[in-house]
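Thanks for sharing this one with me. Below are some notes to read alongside the model, as numbered points.

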Amino acid sequence: MKTFCGRANPTTGALDWVEESEEYDYHQEIARSCYADMLHDHDRNQKYYQGIRAAVSRVKARGVKVIVLDIGTGTGLLSMMAVSAGADLCYAVEVFKPMADAAQNIVKKNGFSNKIKIINKHSTDVTVGPDGDMQMKANVLITELFDTELIGEGALPSYEHAHLHLVQEGCEAVPHRATVYAQLVESELLWSWAQLQPIEVDGARLAPPPAVGICAGAHSVCDIQLSQVSPQSFTALGPLCTMFSVDFSKPVSSALQSYSAQFVAQSSGRAQVVLSWWDLDMDPSGSIVCTMAPSWTYQEPKTAPWRDHWMQSVYFLPVESRVTEGEELSLTVCHDDYICSQQEECRAVAPPPRPCCTCQAHLVWNRPRFGELNDRHRTDSFVAALRSVLREDSVCLSISDGSLLPVFAHMMGAKKVHVHPQHKQKMANSIQGGVDLLEVRPDQLTSTDLGGEQVSVLMGEPYFSTSLLPWHSLFFWFCRSAVAGLLKPDASILPCTATLQMVAVEFQDLWRIRAPCGTCEGFDVTAMDDMKSLDFRESREAEPHPLWEYPCRALTPAAGVMTFDFTQCVPQHPMVSEGSLSGRCHGVALWMEYNLTEDVTVSGGLIGPIGEQGECQWTPHRRQGVYFFRSPWDTTADARAGVSYTLTFEPSLGDIKMDFSIKSQ
């Protein structure tokens, strides 16, 4: 049976469905999942091990056999910990077959096959009895079913079912308890990711439509590395509140529930955002704690453990409201079986409804995109570029998704502005006359669609919602080529060129997601390194990461390695760039830099000079491409050595193929 997989096609700006082998999707999921991050999370592993040892000891003290149920076993690590701690038998449940197979191999390699049974099922399908998957109910329940929001991976339904059918009453649980915390803050930075702010264009104020301003926004949580959001960028309006706890050793309900915490405002300001994270108590006494608290809550921030599989949550209130120091406030959190939502109120109220976008803008723009549109410096750059090319008789064509450029052009006096159909959004709709929403793709445009006029200004940011990697926005170039016959001979193209930038980097922590697993807490998990999945297609290509969340040190100057001239059509033959790098690095970071005009440039990567120690400042609005090397490579042993690279832009694919290799010079 074949598998169909969606892939962004930069030549069309669409999502293509590609037929792959039946194993493709499974192996891609493992390649994307970054299991290595969890296995390299020493703090998590140690806390689990301590909690498991304590739970096994408590059961043994009762004089009974220790029967363990491990739900979501993954590699089988926690099951091996349980047997090593003295468990008599462990049922390890894993629904994802490639991981169940890997766990089987790892358990066998470590000599635990006689005490660990891998069950390749969803836990809710597991049966108990003489002919069942489990011969008896367990008296120790071990799980790792959590995500950044705690419950988003279906933890509550799984626990609910396990207590009803798979474990004994009064069982031990590791973790024993989870506690969720939340704090109300004011933050111009974070709030810019939720709502479109008024924009000044040549002295005129452009306000978002009322429907956008009152919309509750997207219902999904914003999960980020909150450690990289400086405390100076927000004001705490209240204390850190304990919102609710879940005792996993007792029956759990997945039904809709709400919890409220009352507090007194400690500062005056605008209530906009709720920051949230959680702790795991691995034992009943709470002496073994695994916390997701951001590093700035630590006395020594550098001692905070790094993890990418669990981060922190940011919730945006439906509307901002003024609060006054000393005012009594209430913060309410609601959750169903998968999703949490937060609401601040000045008085007790009924549980608020789940946030839901009603303005459509939150369906078109993701949160980084909102931040990009609200970036005043970036807006000023585009306005300055437009000012240099617009005339009273300018006929403009805009090609970008959900861009405000056509609105700016109209406000600045362009005669006519045409908008590519993927661009439709309420801001453009709110302007009567002067903005024409086209109903055909760029490759189908005719002079008739443009009212018989030639385009004098072709513009784009460019931004396309289907773009995964920075160079996928070269779809703008393909569109420019498609409409070449509709442009005036002296038409202005904005941006006029783009440059692919590259820098060799050493990551503080991100390298862990691609690092070999080897031995984890004394257990041999090299089977993960040997799996075909970890050497599959996407683990050998650049992958998108928002590098502002992942500190790294630049080891080379940033350099332009390939330039794309938008004033010309896409070439028919491949473009090739070759070069070399030196120094110890985990890989390279790549991004696009757009020259709007000869004097105005906008970067999708570094937004400031590299520091003396290689410090990098990345835009928080776009993801950069990262190509990880198999292992950190060092030239110090051989000064003649180097990393050579060949980058090839394939016009037929609209993509850039990369090849890096070590060579002696």
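Which residues of H4 are buried? That is where I would like to begin.

1. **Helix H4 and its surroundings.** Please keep in mind throughout that this is a predicted model. The buried residues of H4 are Leu77, Leu78, Ser79, Met80, Met81, Ala82 and Val83. Put as a count, seven of the eight residues of this helix are buried, and H4 is mostly covered. Just after the helix comes glycine 86, with a positive phi near 115°.

2. **H3 against H4.** One partner of H4 is helix H3, which spans residues 42–60, while H4 itself spans residues 77–84. The two pack with their axes 9 Å apart and at an angle of about 40°. Angles from 35 to 65 degrees fall in the oblique class, and H3 and H4 are therefore oblique to each other. Their crossing is right-handed. On the H3 side the contact is made by Arg44, Asn45, Tyr48, Tyr49, Ile52 and Val56. On the H4 side, Leu77, Leu78, Met81, Ala82 and Ser84 take part. By class, the residues of this contact are eight nonpolar, two polar and one charged. Leu77, Leu78, Met81 and Ala82 appear both in this contact and among the buried residues of H4.

3. **The parallel sheet.** Now to a five-stranded open sheet, with its strands in the order E22-E21-E20-E23-E24 and parallel pairing. Which strands stand at the edges? They are E22 (435–437) and E24 (487–494); each has a single partner strand, so one side of each is left without a neighbour in the sheet. From one strand to the next the twist averages 25°. Packed on this sheet is helix H11 (residues 376–389), which touches E23 and E24. The direction of H11 makes about 160° with that of E24.

4. **Inside that sheet.** E20 (residues 395–398) and E23 (residues 455–459) run parallel and are joined by three bridges. If you would like a pair to look for on screen, serine 398 stands opposite methionine 459 in E23.

5. **Strand E32 and its neighbours.** Is E32 mostly covered or mostly open? Covered: 10 of the 11 residues in this strand (585–595) are buried. E32 pairs with E25 (residues 497–507) in the antiparallel sense, over nine bridges. Within E32, tyrosine 594 is the residue opposite alanine 498. E32 is also joined to E33 (residues 601–603) by three bridges, again in an antiparallel arrangement. Here asparagine 595 has threonine 601 of E33 as its bridge partner. E32 and E33 form a hairpin, and five residues lie between them.

6. **Two cis peptide bonds.** As background for this point and the next, most residues other than glycine have a negative phi, and most peptide bonds are trans. Where do the cis bonds listed here fall? One runs from valine 174 to proline 175, with omega near 0°. Proline 175 is in the loop between strand E7 (167–174) and strand E8 (177–186). Another joins glutamate 461 and proline 462, with omega about -15°. Proline 462 sits in the loop between E23 and helix H14 (475–482), and E23 is one of the strands of the open sheet in point 3.

7. **Positive phi outside glycine.** Glutamine 360 has a phi near 75°, a positive value in a residue other than glycine. Its place is the loop between strand E19 (340–345) and helix H9 (361–364). Is glutamine 360 buried or exposed? With a relative accessible area of 51%, glutamine 360 is exposed. Glutamate 521 is not a glycine either, and its phi is positive at about 50°. This glutamate lies in the loop between strand E26 (519–520) and strand E27 (523–524).

8. **The chain as a whole.** To finish, a step back. The chain holds 15 helices and 36 strands. Of its 665 residues, 55% count as buried. Among contacts between residues at least 6 apart in sequence, 75% join residues at least 24 apart.

Technical notes:
Residues numbered from 1 in each chain as written. Predicted model: local features only at pLDDT ≥ 70, side-chain atom pairs only at ≥ 80, totals over all residues. Heavy atoms only, no water. Axes fitted to C-alpha atoms, helices over the stretch in contact; angles between N-to-C directions. Helix = DSSP H or I, 4+ residues; strand = E, 2+ residues; numbered from the N terminus. Parallel < 35°, antiparallel > 145°, perpendicular 65-115°, else oblique. Left-handed = near helix turned anticlockwise from the far one by under 90°. Contact = heavy atoms within 4.5 Å. Nonpolar A, V, L, I, M, F, W, Y, C, P; charged D, E, K, R; others polar. Buried < 20%, exposed > 50% of the residue type's maximum accessible area, 1.4 Å probe, protein only. Pairing = 2+ DSSP bridges.
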